[in-house]
Amino acid sequence: MTKSILITGGAGFIGSHCVRHFVKKYPDYPIINFDALTYAGNIESLSDVDNLPNYEFVKGDIRDAELVSSLFDKHNIDSVIHFAAESHVDRSITNPIDFVETNVLGTCTLLNVAKTKWGDNLDNKMFYHISTDEVYGSLGTTGYFVEDTPYDPRSPYSASKASSDHFVRAYHHTYGLPILISNCSNNYGPYQFPEKLIPLMINNIIKEEPLPVYGDGLNIRDWLMVTDHVEAIDVVYHQGKQGETYNIGGNNERTNLDLVHALCDLVDKKLGREEGHSRSLVTFVKDRPGHDRRYAIDAEKIKNDLGWEPRYTVEQGLEETIAWYLENTEWLAHITSGEYQKYYDKQYKS
Ligand code: NAD
Ligand code: TYD
């Protein structure tokens with residue numbers, strides 16, 4: 001059946017991969033990419049699909065109920081896939097209120113428009129909310145996050161995402177809104193803004209600049225290639241059971257230091273540099289306040305119920321990602337100019 005999908009945050013990292021995937025794979029689905037184009041949104045990321053007939057970009061803020069309502073009317077929206085968010089933990093520590101505004105108020109505004117516009121006509125409707133494993137808190141050396149692990153968010157970012165997840169479930173339980181939620185681990189891949197660990201390190205290794213590792217570098221993340229994530233989203237969207245939550249992980253736990261070393265070695269090899277050259281750029285810097293120690297996803301539910309598993313090992317994914325950043329220096333140059341440069345200097349040079 002044809003679906004008319006409003007994808008919020010489709011100019012951001014994961015959203016742009018999702019838009020590309022849906023627009024190309026489902027030419028019968030009208031896809032509306034709705035994005036405010038904050039510092040993290042870059043419409044250049046979708047230049048390869050922007051003239052396809054089933055794709056339209058609309059610039060706007062998810063808190064603008066009037067504009068969102070008009071899009072529901074104009075395009076007969078029957079699904080929302082909601083990515084738009086402030087997404088960087090370090091920025092949430094500096095400006096928590098921005099995270100409440102976008103992640104909490106923005107999500108509630110979308111939910112309310114969907115509820116109002118869809119009314120009692122809920123056949124074939126879906127509000128799919130994209131969330132994070134960070135809502136579950138921080139693990140010790142053992143254990144995994146499962147779908148019913150109690151929420152224990154510890155940064156302003158994860159607190160705002162947890163709050164938005166609660167509102168999505170509340171709209172389901174109170175008003176019967178059809179919803180899906182997926183909570184995923186750390187994504188990486190092409191088109192990621194270089195404030196996040198992997199693209200920041202690749203960019204600095206290429207430029208032979210210091211590699212700022214927080215604390216002792218032994219924090220652990222579970223790395224998920226963004227294209228694997230988008231395939232999981234496709235499966236959850238089409239086959240997920242209404243009202244359910246699915247955890248999506250990469251089965252790729254690494255300490256930050258191991259990961260940065262792997263990036264150094266791969267880039268050195270690609271650029272024909274001497275072995276061990278870039279590892280000498282690693283610089284241990286002041287730890288992030290409240291830095292979560294370990295995240296790790298148990299992705300058995302999505303595997304058993306929907307048959308999805310990640311395809312990439314982190315080594316394969318990093319090779320592809322590094323190759324992309326080396327081939328797309330123009331994209332990187334455009335996005336690292338201006339406002340981001342000011343942020344970088346404040347975060348790492350003051
Ligand atoms: P991103 O920061 O790259 O992109 C966010 C996008 O949202 C940008 O295009 C931005 O312009 C847009 N946006 C921000 N505020 C907006 C507003 N008020 N109205 C409309 N658009 C707005 O984020 P990402 O890394 O692609 O993450 C996408 C989603 O996935 C987020 O909800 C995030 O919490 C979640 N997530 C991300 C990761 C990860 O590793 N990146 C992991 C788990 C979950
Ligand atoms: P990040 O990409 O910000 O994702 P998240 O905090 O949402 O997991 O960071 C991933 C890990 O890398 C996290 O443990 C913090 C660490 N980190 C650094 O050591 N140095 C950096 O410059 C950045 C941005 C992150």
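The paragraphs below lead through a predicted model, beginning with its two sheets and the helices that lie across them and ending with its two ligands.

A good place to start is the open sheet of 7 strands, whose order is β3-β2-β1-β4-β5-β6-β10 and whose pairing is parallel. At its edges are β3, made of residues 55-59, and β10, made of residues 245-248, and each of these pairs on one side only. Going from one strand to the next, the twist in this sheet averages 20°. Strands of a sheet pair through backbone hydrogen bonds, in either a parallel or an antiparallel way. For a closer view of one such pairing, the reader can turn to strand β2, residues 31-35, which runs parallel to β3 and is joined to it by 5 bridges; I31 has Y55 of β3 as its bridge partner. Helix α1, which spans residues 13-25, lies across β1 (5-8), β2, β3 and β4 (79-82), and its direction makes an angle of about 165° with β2.

The other sheet is also open and is formed by 3 strands in the order β7-β9-β11, with mixed pairing. Because β7 and β11 (253-255) stand at the edges and have a single partner strand each, one side of each is left without a neighbour in the sheet. Here the twist averages 50° from one strand to the next. Strand β9, residues 220-225, pairs with β11 in the antiparallel sense over 3 bridges, and within these strands D222 stands opposite E253 of β11. Helix α7, residues 226-239, lies across β7 and β9, and runs at about 70° to β9.

With the sheets in place, the ligands can be considered in turn. Around ligand 1 there are 29 residues, of which I14, D35, S87, Y157 and K161 come nearest. Several polar atoms of the protein can be followed to this ligand: a polar side-chain atom of K161 lies 2.7 Å from one of its oxygen atoms, a polar backbone atom of G12 is 2.9 Å from an oxygen atom of ligand 1, and a polar backbone atom of T38 is 3.0 Å from an oxygen atom of ligand 1. On its own, ligand 1 has 830 Å² of accessible area, and the protein covers 96% of it. Two or more residues of the shell come from each of the elements α1, β5 (126-132), α5 (156-175) and β7 (186-188), and the largest share, 3 residues, is given by β5. When the residues of this shell are divided by class, 13 are nonpolar, 12 polar and 4 charged.

Ligand 2 is surrounded by 17 residues, the closest being E134, R221, R288, H291 and Y348. A polar side-chain atom of H291 lies 2.6 Å from an oxygen atom of ligand 2, while an N or O atom in the side chain of R221 is 2.7 Å from an oxygen atom of this ligand. The backbone takes part as well, since a polar backbone atom of P212 is 2.8 Å from a nitrogen atom of ligand 2. Of the 510 Å² of accessible area that ligand 2 has on its own, the protein covers 97%. Strand β8, residues 211-214, gives the most to this shell, with 3 residues, and by class the shell around ligand 2 has 7 nonpolar, 5 polar and 5 charged residues.

Terms used. Residues numbered from 1 in each chain as written. Chains lettered and ligands numbered in written order. Predicted model: local features only at pLDDT ≥ 70, side-chain atom pairs only at ≥ 80, totals over all residues. Heavy atoms only, no water. Pairing = 2+ DSSP bridges. Helix = DSSP H or I, 4+ residues; strand = E, 2+ residues; numbered from the N terminus. Axes fitted to C-alpha atoms, helices over the stretch in contact; angles between N-to-C directions. Contact = heavy atoms within 4.5 Å. Near = heavy atom within 4 Å. Polar contact = N/O pair within 3.5 Å; in protein donor to acceptor, adjacent residues only side chain to side chain. Areas by Shrake-Rupley, 256 points an atom, 1.4 Å probe, with all protein chains shown as cover. Nonpolar A, V, L, I, M, F, W, Y, C, P; charged D, E, K, R; others polar.
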